[in-house]
Every structure is written in structure tokens, then in C-alpha cells.
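Here are a few notes from going through this one. Have a look at the structure first, then see whether the points below match what you see.

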Amino acid sequence: MIENRMDTSQRKRQRDQRGQLLTLLNGWDPAGLLQAGAGRDQYDAIVDQLLDLLSRTTSESEVTRFLEQHVTEHYGAAPAEASRFAAKAVAWYRMLPADGE
């Protein structure tokens, strides 16, 4: 029973983090899709991978490389200001409460 609550709590935390990161991505709109009228779920294809990367590293240069590669691969457009967004994403991730807080 306690394990079940922890799993539920962990899943909720992951959903919340994913939603926050997707909001950040949408605000940046690296491929200009939202500005062109696309739906707010356009960056779903990279948000989980980006969140996973942030959980493993807080290297802004590694996050920048990830963004440049994946945005270009998935959306066919090189993202503007990837390093600036990487710094923002890393800062956001560092501010998240640690597990159990």
C-alpha cells in the first residue's frame, strides 16, 4: 500500500515536471510551429527525452547539442538560441525539489 502511494506520487511528480518542461518548450517554440498556428502538443516528441537528459546531466552544452540535433531532426528547422534555452532548462531542473521533498 505504501509502495503504491509512492509510485502514484512519483508518477504525479513526473507528469508535473513534464508539463512544466513542455510549457517552457512551447514558450521558446524552437521550430516556430506554435507561432504558425500548430497545436500545443507539437513538442511532445522531444519533451520526454529532454527531461530524461536533464535527469542525467546539467551540462548546458550537452543540452544545447541535444536541442540542436533533435529539433532539426524532428521538425526540419534549426532552433534559434538553443544555448539560451538550454541554460533556462538546466536552471529550471536544478530548482526542482529533490525526490521525497
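1. Let me start with a small spot, bearing in mind that this is a predicted model. Asp-16 is partly exposed, at a relative accessible area of 36%. Its salt-bridge partner is Lys-12, with 2.9 Å between the closest N and O atoms. Lys-12 is partly exposed too, at 44% relative accessible area. Both sit in helix H1, which covers residues 2-28, and because they are four residues apart there, about one helical turn separates them.

2. That pair has company: searching the whole structure turns up five salt bridges. In helix H2, the side chains of Arg-56 and Asp-52 form one of them, at 3.1 Å from N to O. Here again the spacing is four residues within the helix, so Arg-56 and Asp-52 lie about one helical turn apart. Arg-56 counts as exposed, with 58% relative accessibility, while Asp-52 comes out as partly exposed at 40%.

3. Further along the chain, have a look at Glu-81 and Arg-84, whose side chains meet in a salt bridge at 3.0 Å, N to O. Glu-81 is partly exposed, with a relative accessible area of 49%. The cut-off for exposed is over 50%, so Arg-84, at 59%, is classed as exposed.

4. Don't skip the networked case. Arg-18, Asp-44 and Asp-48 are joined to one another through a network of salt bridges.

5. Now for the helix packing. How are H2 and H3 arranged relative to each other, roughly parallel or roughly antiparallel? H2 spans residues 44-56 and H3 residues 60-75, and they pack at an angle of about 165° with 11 Å between their axes. Angles over 145 degrees count as roughly antiparallel, so that is the label this pair gets. As for handedness, the crossing of H2 past H3 is right-handed.

6. Which residues make that contact? On the H2 side they are Ala-45, Ile-46, Gln-49, Leu-50, Leu-53 and Leu-54. H3 contributes Glu-62, Val-63, Phe-66, Leu-67, His-70, Val-71, His-74 and Tyr-75. Sorted by class, the H2 contact with H3 consists of 10 nonpolar, three polar and one charged residues.

7. If you only have time for two places, I'd suggest these. One is the H2 and H3 pair, with its roughly antiparallel packing and right-handed crossing. The other is the network linking Arg-18, Asp-44 and Asp-48.

Note on methods. Residues numbered from 1 in each chain as written. Predicted model: local features only at pLDDT ≥ 70, side-chain atom pairs only at ≥ 80, totals over all residues. Heavy atoms only, no water. Axes fitted to C-alpha atoms, helices over the stretch in contact; angles between N-to-C directions. Parallel < 35°, antiparallel > 145°, perpendicular 65-115°, else oblique. Left-handed = near helix turned anticlockwise from the far one by under 90°. Contact = heavy atoms within 4.5 Å. Nonpolar A, V, L, I, M, F, W, Y, C, P; charged D, E, K, R; others polar. Salt bridge = Lys/Arg side-chain N within 4 Å of Asp/Glu carboxyl O. Buried < 20%, exposed > 50% of the residue type's maximum accessible area, 1.4 Å probe, protein only.
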